[in-house]
Structures are given as C-alpha cells and as structure tokens.
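Visitor: I have a structure open and would like to talk it through with you. Can we start with one residue and then move on to the pocket?

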Amino acid sequence: KLSSCRCRCGDKNVETKSYWIVNIIAAVLHLVNAILMLILYYENDQHDQLYDITTPYGSWIRNNETGTMEVISKSTTVVEGVSLNWLIFSFHIMSFVFQMLVLIPQYRYEEMVEKKGQNWLRFLEYSISASLMLVCIALTTGIRDFITILSICALNIITQVLGAFNE
C-alpha cells in the first residue's frame, strides 16, 4: 500500500496519499518550466532554433553518352521550421496535463496502482513525451532525416506498449 500523509487544512485533518503530493509538485514544476520558457524564450524570438526535416529520394536520369539510367540522389524537405523550443514547451505542458490526469477521481489511480499494479496512463504519457525528447535530442545532434526520426518515435512507442503489456 502506498504511503499517505496527514495535512491540516483549517480546522480539519486531511489524509492525503503521498503520490498526490508528488504528482502535484511534478505537475506544478512542469507548468512553471513551460511558463518560464514562454517568458524567457519567446520574449525575443531570436532564441529559437528551427530545423528542416528532410528525406532523401532517388531520381533517375538518362546518361546520353552511355545510354544507361543513373540514380541521382536528391533530398526534399518534408517539414519546414520545426521549433526546438516549441517541442520542449509541448513536453512540459503535456507532462503537466498527464500528472494532473491521475488525480481525476474517474481514473481511479489508487485502485489501478495499489490493487491491480497497473498504470497504463504512464506508458501513454511516456510514449508521447519520450518521443518528443528523443526528437529534440536527434535534432540537436544533427539527425534531420524524416525516416530516422519516425523510426526513433515508432521504436519508442513500441517499447512503451511492450512495457504496458508487461505490467
């Protein structure tokens, strides 16, 4: 059984699960980070780093001298101007939302975790948030290929789904 703590709220003693406190603190910290990003980075848009996501493709051309077809490798832009700061901001907002979702009574967090030993919402969050962070890391390390980034996200999501099945 997860631990709980007693808090004094006015004249009443309230028993609160420790994970509620931890979730609220984590949620507030993610929200504060998101707000600070808006204030510090978007006060002056010059701080943002934009990336173009490209994909290579082969184009054939006839060599008139030899009469054969040759492949000319080209690349095309799939997505223009992907903002690193907006990706990180999205991560913080999404983490805030998911940290708060477990506190909604309809989710029945206590029953899910303490009795069933499951928390599928965590794996849903990680499949999105870890993918966002992996894309940020890929972009900052020079990976701009759409198929590579898509593969990284797909493999992360598969890992999270397998983790949820295992749990």
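**A buried aspartate, a pocket and a salt bridge**

Guide: To begin with a side-chain pair in this predicted model, Asp48 and Ser83 are joined through their side chains by a polar contact of 2.5 Å.

Visitor: Where does Asp48 lie?

Guide: Asp48 sits in the loop between helix H1 (18-41) and strand S3 (50-63). A polar atom of the Asp48 side chain is also 3.2 Å from the backbone nitrogen of Asn85, and, leaving aside neighbours within four places in sequence, the residues in contact with Asp48 are Tyr42, Ser83, Leu84, Asn85 and Trp86.

Visitor: Which side chain of opposite charge is nearest to Asp48?

Guide: That is Arg144, 12 Å away, and Asp48, although buried, has no salt bridge.

Visitor: Switching topic, how much space lies in the largest pocket?

Guide: The largest pocket holds about 220 Å³ of space, and H1, helix H2 (84-101) and helix H4 (120-140) are the elements that each give two or more residues to its lining. The largest share, four residues, comes from H4, and the lining includes Arg122, Glu125 and Tyr126.

Visitor: What does Arg122 form a salt bridge with?

Guide: Its partner is Glu167, with the closest N and O atoms 2.1 Å apart. The pair links distant parts of the chain, with Arg122 in helix H4 and Glu167 in the segment after helix H5 (146-166), 45 residues apart.

Visitor: Why does Arg122 count as partly exposed?

Guide: Arg122 counts as partly exposed because its relative accessibility is 28%, and Glu167 is likewise partly exposed, at 32%.

Key: Residues are numbered from 1 along each chain as its sequence is written. This is a predicted model: local features need pLDDT of at least 70, side-chain atom pairs count only at pLDDT 80 or more; totals for chains, interfaces and linings use all residues. Side-chain values use heavy atoms; hydrogens and water are left out. Buried means under 20% relative accessible area, exposed over 50%, partly exposed in between (1.4 Å probe, protein chains only). Lys and Arg count as positive and Asp and Glu as negative; His and the chain ends are not counted. A salt bridge is a side-chain nitrogen of Lys or Arg within 4 Å of a carboxyl oxygen of Asp or Glu. A polar contact is a pair of N or O atoms within 3.5 Å; within protein, one must be able to donate a hydrogen and the other to accept it, and residues adjacent in sequence count only if both atoms are side-chain atoms. Contact means heavy atoms within 4.5 Å. On a 1 Å grid over the protein atoms alone, a cavity is a set of points where a 1.4 Å probe fits but cannot get out, and a pocket is an open set with protein on both sides within 12 Å along at least five of seven lines; lining residues have an atom within 4 Å of a point. Grid points are joined across faces, edges and corners, and a volume is the space filled by probe spheres set on the points.
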